[in-house]
Amino acid sequence: WLEIAEHPTRAFSPERGGDTVWNLWRAMSQAGNDSRESGWNRRFIETNFGKEIADRLRLTLMEQWRNDRPTLASERPDNEKNTYLARWQLGLAAIYAEAEDPAWATKLSECEAKLAARYAPIELNGLPLWMETLAATHPTAVDATLGEELSLELACVAGTQWHSMLLQSIGYASEAVVAAFLPRLRVWLDARGDLLGHNEDKGGAAQRLGRVVDILMKHGDAETRLHLRDVAEQRLRENIPASFAHVWLPSLMRLDADAGVVALQNRVAGVQPSQRSEAVA
């Protein structure tokens, strides 16, 4: 504290600025629930050092995230898919600091916007709050980065416990953020990505389908919901696995109850009655 308070120019010099930022970020991260989530806590810094130091820290942080490049999950080895470096968390905090300016995203170049999008999956609970402004200002950059990552995850062979953290985070994001990914989800569905692929687990593939359909139903427009209704009705006429029917049938019931009842009748018509039959399921 003495070093920063009494010698701020030295503490934030090119030679020592990196260590100063790292130590202050570690302190901020332990200074309250909001800090643990974003890593940036201006009030904490101003209380202990004053506004001038907080402004210096913010400017230094803004340089820090631009000098790094987090890898996306698809770019890491299989045993490192769910890992990330601590300094990328610092970069995430740095963008929160920069996003204090409501117009921050308008000042980014396309390359900077793509880089900022790489920090988004590092957020522990969903996507960062600043993603809404980034997606609205730089939709092409977000699509080229996270949209492409989403397509790669959806194209992976579905295992027993298929899961996409990115898809889950998108599902809980704001309408503005979800809108940036809806075209990709629609393309995947229309390419018959909802059908069982080679060497795919039925349960895992159904989990993937259910997540995509749920997002499209919740956030899609009227035309998208009508399209889902037609696809659901068509799929239920086909000999699809029961796990897939358990996704499409409830969806059709919600979109068109009459068509859903007819599909259910047709589905169970040839099932031999028993205590644990497919009709019961």
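Met 253, Val 261 and Leu 264 make a nonpolar surface patch of about 200 Å². Such patches take residues with over 30% relative accessible area and no salt bridge, with nonpolar side chains (Val, Leu, Ile, Met, Phe, Trp, Tyr) joined within 5 Å and like charges within 9 Å. A salt bridge puts a side-chain nitrogen of Lys or Arg within 4 Å of a carboxyl oxygen of Asp or Glu. Areas follow the Shrake-Rupley method with a 1.4 Å probe, and only the protein chains shown count as cover for residues.

This is a predicted model, where local features need pLDDT of at least 70 and side-chain atom pairs pLDDT 80 or more, while totals for chains, interfaces and linings use all residues. Numbering runs from 1 along each chain as its sequence is written, and side-chain values use heavy atoms, without hydrogens and water.

Met 253 sits in helix H16 (residues 242–255). Helices are DSSP runs of H or I, at least four residues, numbered from the N terminus.

Helix H10 (residues 139–155) bends by about 30° at Leu 146. That bend is the angle between axes fitted to the seven residues ending there and the seven starting there. Leu 146 is among the buried residues of H10, as are Val 142 and Leu 150. Buried means under 20% relative accessible area, exposed over 50%, partly exposed in between (1.4 Å probe, protein chains only). The cover over these buried residues includes H8, H9, H11, H13 and H14, by contact (heavy atoms within 4.5 Å).

Two residues that are not glycines have a positive phi.

| Residue | Phi | Place | Relative accessibility |
|---|---|---|---|
| Arg 192 | about 60° | helix H13 (182–193) | 40%, partly exposed |
| Asn 199 | about 65° | loop between H13 and H14 | 64%, exposed |

Notes:
Helices (H or I, at least four residues) and strands (E, at least two) are DSSP runs, numbered from the N terminus.
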